[in-house]
Amino acid sequence: MPKRTDINKILIVGAGPIVIGQACEFDYSGAQACKSLKDEGYKIVLINSNPATIMTDPELADQTYIEPITKEFVEKIIEIEKPDALLPTMGGQTALNVSMELFNNRILEKHGVKMIGANPTAIELAEDRQKFKDAMNEIGLSCPKSYVVNTIEESKRVKNELNLPLVIRPSFTLGGTGGGVAYDDEGFIDLCNRGLNASPTNQILIEKSVSGWKEFEMEVVRDNKDNCIIVCSIENVDPMGVHTGDSITVAPSLTLTDKEYQILRNASIKVLRKIGVDTGGSNVQFAINPEDGEINVIEMNPRVSRSSALASKATGFPIAKIAAKLAVGYTLDELENDITTTTPASFEPTIDYVVTKIPRFTFEKFVGANSDLTTSMKSVGEAMSIGRSFNESIQKGFNSLEYGLTGFDNPKLRSNDKNTILSELKIQSSQRLLVVGEALRIGLSVDEINKITKYDKWFLYQIKRIIDFEEILKDKGLKKEIILYAKKIGYSDSKISSILNIKENELREFRNNSDINPVFRLVDTCAGEFSSKTPYLYSTYDWDFENTKFCEANPTSKDKVIILGGGPNRIGQGIEFDYCCVHAVYALKEKGIETIMINCNPETVSTDYDTADRLYFEPLSAESVIEIYNKEKSNGNVLGVLVQFGGQTPLKIAKEIEEAGIKVIGTSTEAIDLAEDRDRFSEILMKLKIAQPKNAFANTVSQTLEKAKEIGYPVLVRPSYVLGGRAMQIAYDKDNLESFSNEALEVSSNNVILIDEYLENAKEIDVDIIRDKNGEIFVAGIMEHIEEAGIHSGDSACSLPPYSVSKETQNKIIEWVSKIANEINVIGLMNTQLAIKDKKIYVLEVNPRASRTVPFVAKSKGIPIAKIAAKVMVGENLNSILNDYKINELKNFNVKESVFPFNKFDGVDLILGPEMKSTGEVMGIDETFLSSYIKSQIACGNILPSKGTVFISIDNDNKKFIIEIAQKLKELDFNLLATKGTAEYLNSNNIKTKIVNKVKEGNPHVVDSLINNEIQLVINTTKTQSSIRDSYSIRRTSLMYNIPYYTTIAGAKVAVDAIEHMKTQEFTIKSLQTIN
Amino acid sequence: MEVLKKEPHIHNKTAALVLENGEILWGYGLGEKKAAVGELCFNTSQTGYQEALSDPSYTKQIITFTFPHIGIVGTNQEDQESKKIYADGCVVNQPLSEYSNWRAENDLNSYFLKNKIPCIFGIDTRYLTKKLSAEGAKKAAIIHFGEDENKIEKIKTQINEWKGLQNLDLAGIVSTEQNYNWKKGIWKSHKSIKSQFKYNVTCLDFGIKNNILRNLNEFNLNPTVLNLFSSYEEIIETNPSGIFLSNGPGDPYATGSKIVDVIKKLIDDNIPIFGICLGHQILGLALNAKTKKMFQGHRGSNHPVKNLETGIVEITSQNHGFEVDRDSFGIDIIETHVSLFDGTNEGLRHKHLPVFSVQYHPEASPGPHDSHYLFEEFYKLIEQNAKKN
């Protein structure tokens, strides 16, 4: 059937900020949907609150709204735009939930908007756990026995019937938030309580546990003629019990016979038909009992998902793009397979390699977090790897994770005696597969390990093959055949060289001399049956000395640039960098330079096969970059490598690849180093007469204490060379400092601790500039942080333009920043962080590369600054590029706010500090600073109250600052509640405040009030360790009960101003296209 | 298990794959130490190696599995599609390791040994596949060296002397000698196979797969399998309500020329006939169409076929190197199915008579079950026909 002509304008709903369970895969799917539907001639209206997305680039839609994804805002946009249809399946759970709200409130009906891609009945049936189970039973499929309950009493009854262990799944939450497996009574009650709270409908499902069963996922696509295809089957290496987002998975499924596989295939198609997913992609999850093959359906998602992004990258089949076209009426046989361009989209991809996905965790960022894996997702990103064997694939996967792993390395264990290992094997931790490796090393058998872990024996045999080879390698040493074999089973150069105790470049030289280099193979959707046109490549050592060395890379004779991506998402290294990489690609393409992308993150737009001219899906290690470079330069001219767009990942290897003779384009690695080197950097600032906080470095704890005394407390301490402020802390006294320095020394790679004067209550400023080779400078944006200096810049809210910094100070800042850029000869982007205290300016940090704020600045100004920077880096003049753009005075305020994953980590404190903790960001745009700020708060789910009670608890140093805030709250008719000290202070200043007990003072205390819904806003600052401990439960409870809370004076002040502002102001809603 | 010595396969190639152009690919031997000559083809299925190996249609062929890990789930009795391995040998990329599956009974290498076929692993199967898809199917030989390692020249001669599959009647060789009746439904079927079937179906065995018989049972048909050279009278003696023409190996013309007269008579008798694969080609020949060798055959489990009468796309299992030439169709023949990969004919039916056939494998095994409905259609056709008479 050709496309629908009864619709003309389509509203696409994005996924909002990056959170655990919903990462940049939805930018990938949303961008595909926008592009493909626009190509079909539809008018596209887009809403997404996340500025760091490619989909919100103004070119991708006709009207782009960066607004909170709530029913109210979407309705306003519907009123403005009057779309004919709404596509809810591209923006994850967020889009699905808001679309259902719009439907249930008859808003779609009122405005005559049709839902396409999925219908409300189907969504309801798939999302409501009880209805889903009933539906499955009707088509003869079993589900684990379960009951849906709404109260604790009902839960207990269910427990008595089904018996522990039981799985608790809250309805309508993302990534299993609030759920888990209960093994004992206490844990059960706790999980049920949490789950009931986490569910927007206060509903949980209690389910018989099938922990230990094998887990499979099927990615299904269906069209309106009922053609169904399975794009990919995915097998979880981790058995049931670990959230699939946290599981190591492989594609295709490996341990099923054809008969079993076809049963899953039939069942998943049956599920789609029953649920009523008429068009588009869905995934269906199954559990299989390894003893007898009994199959249970676990769940299905009636939309594109994280696994559909993975399946797309794993097979080359663009699920989101096809799903979007099916949603407007096409059928599969009418669409073309993009990769081969000779076969239709109505086929099932078949592959001749093994894909591994390994999740990336950041437990080190969240002190106190329980790092055991459960049914609630905790990973923040993932890496995907491709190899011709499982062995090659999984070792490349470990290599891609950016943990510093070189392959099947030793796990971090207290000791490696048998008992420790046996007990570690029982724990579903993020390093469990490495523990399995260790268990094999000390001689445990596959059967023993299988019994404890339930990992399928086949995977264990393959891991054994890898582990056993360590000894052979040690024994036989540097021999041609041995090294090739090691490479075949996925050993990285760094792994081999550490086993052989030689330098990595010695090994590289040996390999080059022996002609041991990888070949590259195509991801072609068809296992080589047809010729394919798309250069989507991976490396493998699937060749040997006696036979033809077959390589499919076929480099072109063009001028080309290699762009290094950002690797797996983690905190401090998110979608912003992928956005920058994609823009670098666009810029170079415009200049007619061939673009070559290297990346290993399957969630991204940069790894879409039609982003760069050529895509290598590979770990971002020096080894793989050098091999790809050598291959590419065998034909044509490689102008160099761009390392400045992918964040810390490519920078880490910049020196090494430069030493291997590869040109780094733009700002030199020398300059990048200079900015990181405190001593040399201080010298430069001194020379330029630019102020910075007093600082020093130390190598030992005692030295640290000495230096801190010289500088004066409070001080900021951190290890050098780490990402996202890892282990960075503020110490107010000697005791503090001592414990922090120990920790810092532990994570520092070179045993250096940096100590800085901490500027208390200073204003922080971020500046992004672009400089070209002639020294022309363009100030892209000056941002004022809302939280004070000392909170990691990635965690602060900020405003562009600044809302309280004078023009004069801004000019001074520009002058300083320009001086620095000139001095270190930046070519491309540079980000500078500064502090203002008592009208004095200090430079805190300089990063001569793309920063996290680049997409936000680009969206605020309507100028693609990453693109401009990339052009400058390959030699263009800034002025001539800027001529193409209208650079207007800003008519709006743009506020960025950060989004945190605290709800995923039990036991973790919510206090912000110099170590970054946020996973994502949202943007609010409006005419006044406060309106923009309020939008940013709504967009991250922080709904400010307009009346009620505010709880205040302030540390002594900050008490003087709370008066003004408290007074304003009183004027706004709020009741105030405070702990004794704060209450007395406020009452003595004539601000009437009621007293409530601290938790340690006994019931009824403040946490009781929070739970009883008696508090609508929390303002809580802390400084000493003991006050932090005391108030921990206040912050945690506020989080669990969705009560807005502020932990800084600066944040609280703006929030209260915003509450006042809300009483009188209306929002203005405009698309990016009409703003700029 | 012999292949699982602790020392990995690093030195000493123990087998070779010799192509008709003289190219030699060195690898490691599996299965019987001997040589085998056949047509080299590739199969892109990710599952179902045992079903493929035991499919009689692969007689005189060497299968290159494009998926690198073969043997993961071992082998078992239930997954046999016939009584033995019919393929001449197979080419595998990765070494075999221990298997793992709750239904597994034995490992793949033992299965090769038991069936006395030579196989080879450590071959760059992607290279081979790209070569076959660009240059077309090739004659080749696997040599798994025994004592005599100097067989290569001899084998090259053997390859040259062998004339290939064209004009080869292999169905005649693999067809059953003894007629038999089949009673066993499809795997994990919820249906209990009734002792009383409604209609008899007589299957002419060109190399029939067990799953065809299981599917006929599933639709309450009572199959009796006959040697393909059975006479018209012998066939009629079985009192068939329907005739089934099975899949099988070799050149359809070579086999067909010997039996089309019998088939023509059955068509004239107005008996419902259903053909699959070689059966489709032979039915085509009996309806005066022509068959020809394809440049590159269809072998895999992901082939999209469009049903021209419903517009629905089926994902099908395929295994054929010959096709029915649609340009030779008479006016009474309707093309019912077409390959979306290359546009070749995948199905036909007669305008007035109750006969139809498909080129692909609706019985799957290995492969998707999208086309099981054809067995039901066959049943309905038989039923309608029975009512008419």
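Where in chain A is the place of Pro714(A)? Pro714(A) sits in the loop between helix 25 (701-711) and strand 24 (715-719) of chain A. Keep in mind that this is a predicted model.

## Cis peptide bonds

That loop has a backbone quirk: the peptide bond from Tyr713(A) to Pro714(A) is cis, with omega near -5°. There's another case further along chain A, where the bond from Asn1003(A) to Pro1004(A) is also cis. Here omega is near -15°. Pro1004(A) belongs to the loop between strand 36 (994-995) and helix 34 (1006-1011) of chain A.

## Positive phi in loops

If you're scanning the Ramachandran plot, stop at Thr525(A): it isn't a glycine, yet its phi is positive, about 70°. You'll find Thr525(A) in the loop between strand 17 and strand 18 of chain A. Thr525(A) counts as buried because it has 26 C-beta neighbours inside 10 Å.

Asn761(A) is another non-glycine with a positive phi, this time about 55°. Its loop runs between strand 26 (753-757) and strand 27 (763-771) of chain A. Asn761(A) counts as partly exposed because it has 15 C-beta neighbours inside 10 Å.

## The parallel sheet

Five strands of chain A make an open sheet with parallel pairing, in the order 3-2-1-4-5. Its edges are strand 3 (63-65) and strand 5 (114-115) of chain A, each of which pairs on one side only.

Zoom in on one end of that order: strand 4 and strand 5 of chain A run parallel and are joined by two bridges. Across this pairing, Leu86(A) stands opposite Met115(A) in strand 5 of chain A.

## The mixed sheet and the helix across it

Another open sheet in chain A takes six strands, ordered 17-18-21-20-19-22, and this one has mixed pairing. Strand 17 (519-522) and strand 22 (637-642) of chain A are the edge strands, each pairing on one side only. On average, neighbouring strands of this sheet are turned by 25° against each other, direction ignored. Within the sheet, strand 20 (residues 594-599) and strand 21 (residues 614-617) of chain A run parallel, joined by four bridges. Ile598(A) has Tyr616(A), in strand 21 of chain A, as its bridge partner.

So which strands does helix 21 (residues 622-632) of chain A lie across? They are strand 17, strand 18 (536-540), strand 19 (559-564), strand 20, strand 21 and strand 22 of chain A. The helix runs at about 170° to strand 19 of chain A.

## Two helices and their cover

Helix 11 (residues 319-327) of chain A is mostly covered, with nine of its nine residues buried. Among them are Lys321(A) and Lys325(A), alongside Ile319(A), Ile322(A) and Leu326(A). The cover includes helix 1 (25-39) and helix 10 (306-315) of chain A, plus strand 4 (85-87), strand 10 (214-222), strand 11 (228-236) and strand 13 (280-288) of chain A. Just after helix 11 comes Gly329(A), with a positive phi of about 110°.

In helix 18 (residues 493-500) of chain A, the buried residues include Asp493(A), Lys495(A), Ile496(A) and Ser497(A). What do the buried residues of helix 18 of chain A pack against? The partners are helix 16, helix 17, helix 19 (504-513) and helix 21 of chain A. Asn501(A) follows helix 18 of chain A and has a positive phi, near 60°.

## Around Ala587(A)

Ala587(A) is part of helix 20 (residues 575-590) of chain A. Is Ala587(A) buried or exposed? It counts as buried because 26 C-beta neighbours fall inside 10 Å. Leaving out residues up to four places away in sequence, Ala587(A) touches Lys867(A), Ala870(A) and Lys871(A). Compare that with Phe740(A): Ala587(A) and Phe740(A) are 153 residues apart in sequence, and their C-alpha atoms are 44 Å apart in space.

## Where chain A meets chain B

How many residues does the contact take from each chain? It takes 56 residues from chain A and 50 residues from chain B. On the side of chain A that touches chain B, helix 9 (258-275), helix 16 (457-476) and helix 17 (480-488) of chain A each supply at least two residues. The residues on that side of chain A divide into 22 nonpolar, 14 polar and 20 charged.

Key. Residues numbered from 1 in each chain as written. Chains lettered and ligands numbered in written order. Predicted model: local features only at pLDDT ≥ 70, side-chain atom pairs only at ≥ 80, totals over all residues. Buried ≥ 20, exposed ≤ 12 C-beta atoms within 10 Å, placed from the backbone. Contact = placed C-beta atoms within 7 Å. Pairing = 2+ DSSP bridges. Axes fitted to C-alpha atoms, helices over the stretch in contact; angles between N-to-C directions. Nonpolar A, V, L, I, M, F, W, Y, C, P; charged D, E, K, R; others polar.
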